[in-house]
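Trainee: Got a minute to go through this one with me?
Mentor: Sure, put it up and ask away.

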Amino acid sequence: MFITEFIDYLLLEKKYSEHTVTAYKADLLSFYEFYNEEYETQDISKAHYSQIRSWIVKLVDSGVSNRTVNRKVSSLKTYYKFLLKSEQVDKNPLAKHKALKASRKLQIPFSPTEVESVLNDLVDYQDFESVRDRLIIELFYATGIRRIELVNLQLSDMDIGKQQIKVLGKRNKERYLPLLSSVCQTLKQYLNLRSSVIANSETQFLLLTKKGVKIYETLVYRIINSYFSKASSKVKKSPHILRHSFATHLLNEGANLNAVKELLGHSSLAATQVYTHHSVAQLTKVYQQSHPRNKK
């Protein structure tokens, strides 16, 4: 089936994260199970488009969203591209497939007031966990860093003198992000507490639990959700929404789209443009308030 070789290709050559590769593998196994059951053969490299389409129909009929179906098909399409590249097949059965129409999820960012409210509530707390949590929130909002990037930050990635941090992004791409003076102050405070509270820990990861081990993604999610649940009534309160808020607020204040793209670590402008709809709304508001013809 060449699935093992494909997984190695994603990990070693494409440098995809383990989380991404796990998702690809699950999507492939989903099709493999269907193909094996329906057509009594295990070699999905020989599947025809009509067979793949019957899998797509089954997914849709079972209530799977178009967005999720598109993701699964995209994983399968990448698999066949790999087989084509390695000359194990002579054509990609999904080469002409068109994705299903999917409604775009509207990610509603936190307002600047909501972010400030959370940070202000944490100012008076000087214990290790509170200062760490404040640093996490400030890093998300001041840099637009991804959750996995934040979790993997090392002490050596911090440069307080230059007011910048080094981030290892997708496909092991490095980028340097500027830090606000206020974030550097919180970082200094955290590092002092880190060295005194967790004196025996030799780990080089920046953000730790109170037991001195590397912080983990689910804990980061719980931290953001907990604090913002007190300040915001928005349905979704996650690290990604803070990253989304960072990009949206910059664009609302006139930041260049290309600059925001570089800060976010996107490989193309298309990925960044998803954040522009809120900026357009802000521009529309200013336009309606300011245009002479609209005042009459």
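**Helix α9 and its surroundings**

Mentor: Let's start with the buried residues of α9, which are Leu 219, Val 220, Ile 223, Ile 224, Tyr 227 and Phe 228. Keep in mind that this is a predicted model.

Trainee: Where do those buried residues sit around the axis of α9?

Mentor: On the same side of α9, because they cover an arc of only 150° around the axis. In general, an α-helix has 3.6 residues a turn, so residues three or four places apart point the same way.

Trainee: And what do the buried residues of α9 pack against?

Mentor: They pack against α5 (112-122), α6, α7 (147-151) and α10.

Trainee: You mentioned α6 and α10. At what angle do their axes cross?

Mentor: Roughly 40°, and the axes come within 7 Å. That angle is why α6 and α10 count as oblique to each other.

Trainee: Which residues meet there?

Mentor: From α6 you have Ile 137, Phe 140, Tyr 141, Ala 142 and Thr 143, and they meet Pro 239, Leu 242, Ser 245, Phe 246 and His 249 of α10. By class, that contact has seven nonpolar, three polar and no charged residues.

Trainee: Switching topic: which helix is Lys 77 in?

Mentor: Lys 77 is in helix α4, residues 66-85. It counts as partly exposed because its relative accessibility is 24%.

Trainee: What does Lys 77 touch, leaving out residues up to four places away in sequence?

Mentor: Asn 92, Leu 94, Ala 95 and His 97. Also, the C-alpha atoms of Lys 77 and Leu 28 are separated by 9.9 Å, with the two residues 49 apart along the chain.

Notes:
Residues are numbered from 1 along each chain as its sequence is written. This is a predicted model: local features need pLDDT of at least 70, side-chain atom pairs count only at pLDDT 80 or more; totals for chains, interfaces and linings use all residues. Side-chain values use heavy atoms; hydrogens and water are left out. Helices (H or I, at least four residues) and strands (E, at least two) are DSSP runs, numbered from the N terminus. Buried means under 20% relative accessible area, exposed over 50%, partly exposed in between (1.4 Å probe, protein chains only). Contact means heavy atoms within 4.5 Å. Axes are lines fitted to C-alpha atoms, for helices over the stretch in contact, and angles run from 0 to 180 degrees between N-to-C directions. Angles under 35 degrees count as roughly parallel, over 145 as roughly antiparallel, 65 to 115 as roughly perpendicular and the rest as oblique. Ala, Val, Leu, Ile, Met, Phe, Trp, Tyr, Cys and Pro count as nonpolar, Asp, Glu, Lys and Arg as charged, and the others, Gly among them, as polar. The arc is that of the directions from the helix axis to the C-beta atoms.
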